[in-house]
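Trainee: I am new to this structure and should be grateful for a close look at a single part of it. Please take me through that part in one connected account.

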Amino acid sequence: MYASNFNYLRAGTLAEASALLQKNPGAKVLAGGHSLIPLMKLRLASPTVVIDIGRVPELRGISLSGGALTIGALTTHAELAASAAVQDAAQALSEAAGHVGDPAVRNRGTIGGNVAHADPASDLPAVLTALGATFHITGPGGRRSVQASDFFKGMMNTAVGEHDILTTIEVPARAAGQGSAYAKFEHPASRYAVVGVAACVIVNGGTCVAASIVLCGLTSTPARAKSGEQALVGQALTRETIAAAAGKVGTDLGSDVLGDIFASAEYRAAVAPVYVRRAVEAAASRAR
Amino acid sequence: MTVRISITVNGRRFDRDVEPRQLLVHFIRDLGGFTGTKIGCDTSQCGSCTVLLDGVAMKSCTCLAVQADGSEVITIEGLAKEGQLHPLQEAFWNKHGLQCGFCTPGMIMASHELLRTNPKPTDDAIRHGLAGNLCRCTGYQNIVRAVREAATAMAK
């Protein structure tokens, strides 16, 4: 399948990419292409101009300093999964990145492209929400930062505006007593999440003092399981307390669960507690 | 609009004017003539179009040729050196790691990536490494055996 015709512009620097974006209304930004190109081939997106930022050096790399991981938007899933810094400072992110698509997809797909695309079945939006990430964006008005809770606005809709470029993603490094994990039931061909759950807990003296549980694959944006989180805080994390918390996610999801030909909304909602339990158990086992 | 690009495929350099919408897989097959690289699902799921781009496996149906400007591509035709089959090709032959053969070029390129990143994979790691390649003949058992044999041969 061929995309509609478009003009191709390649940016060498972030400043150049930003300038090209201001000059070309309706242009789309291309990074690894693993979200945008499939959309263009299906003609669900037909931009007249594509601005390739794939070679902009300042958008690459992972660094850990000042208690936070800073991840360049062009960092591939393979680079994330292979990073010792990510594995130590953001266990769930490392785990999820290693299960996006397949090895060839992970070699090309980028974290920035993934979250800017904001597919409801995508793994990383849920993980980054659970870990409390901050998204740094460059636009016509300069730089700004957006919290994960405000970043994902709707299905395939984020805080990244038409003239904006997502530059870096900042993830707080693991605190003392914190453990995080990502569990998913993946579609066997696409490997997108049918149900995906990111969990992050902080355990202090045997008691859970903070918990975040965020689901993907079920709703148009990452869904926070507030009742499940509240049920964990103040408890020792045992099989029983985790199972009880997992049982509450139905009330958090409400009636907005999406279904498709592969898995109905009812099925996804029924499976969700199982994956919440698995993710929280794994996170608890890693808390240190 | 056309863009002048230069891509080296299996050691041969191709300087061509292409439409930006041209996919790398079409560049490889239609301009390069290397039809060993297959187009299966065309949605980056089946892995038939897997090639090495600057030494790293990727799905050439989900990459614009213009993105690969200046790069070096290796396809299944580029694996054999001086008439000698690559150990992966030998192993797929010896272990009958193919039935109809359509998925085989992609399977071998993905196996190349697996052994590049993990030279001594367990059977589990082989299956995980080939997760992005579908064999509709379902001949997976012999594919895993072939990769295992190639890993042993390459370790020598």
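**Chain B: its two domains and its partner chain**

Mentor: Domain 1 of chain B and domain 2 of chain B bury about 1200 Å² between them, and 64% of this lies on carbon and sulfur atoms. Buried area here is the accessible area (1.4 Å probe) that two parts lose on being put together, summed over both. The model is a predicted one, in which local features need pLDDT of at least 70 and side-chain atom pairs count only at pLDDT 80 or more, while totals for chains, interfaces and linings use all residues. Residues are numbered from 1 along each chain as its sequence is written, chains are lettered from A and ligands numbered from 1 in the order in which they are written, and side-chain values use heavy atoms, with hydrogens and water left out.

Within chain B, domain 1 covers 3–78 and domain 2 covers 87–155; such bounds come from an automatic or database domain assignment. The centres of the two domains, taken over C-alpha atoms, are 21 Å apart. Where they touch, domain 1 of chain B contributes 18 residues and domain 2 of chain B contributes 13 residues, contact meaning heavy atoms within 4.5 Å. Thr50(B), Leu52(B) and Ile76(B) provide 37% of the area that domain 1 of chain B buries against domain 2 of chain B, more than any other three residues.

The rule finds zero salt bridges across this domain interface, a salt bridge being a side-chain nitrogen of Lys or Arg within 4 Å of a carboxyl oxygen of Asp or Glu. It does find six residue pairs in polar contact there, both at pLDDT 80 or more. A polar contact is a pair of N or O atoms within 3.5 Å; within protein, one must be able to donate a hydrogen and the other to accept it, and residues adjacent in sequence count only if both atoms are side-chain atoms. On the domain 1 side, strand E3 (50–53) and strand E4 (56–59) of chain B each supply at least two of the touching residues. Helices (H or I, at least four residues) and strands (E, at least two) are DSSP runs, numbered from the N terminus. That side of domain 1 of chain B divides into eight nonpolar, eight polar and two charged residues. Ala, Val, Leu, Ile, Met, Phe, Trp, Tyr, Cys and Pro count as nonpolar, Asp, Glu, Lys and Arg as charged, and the others, Gly among them, as polar.

Chain B also meets chain A: 30 residues of chain B are in contact with 32 residues of chain A. Between these chains the buried area is about 2600 Å², with 55% given by carbon and sulfur atoms. Of the area that chain B buries against chain A, 26% comes from Arg21(B), Thr62(B) and Gln67(B), more than from any other three residues. The two chains share three salt bridges, including one between the side chains of Arg10(A) and Asp69(B) (3.5 Å, N to O). They also have 15 residue pairs in polar contact, both at pLDDT 80 or more. Strand E4 and helix H4 (123–129) of chain B each supply at least two residues of the side facing chain A, and E4(B) gives the most, with four residues. This side of chain B divides into 14 nonpolar, ten polar and six charged residues.
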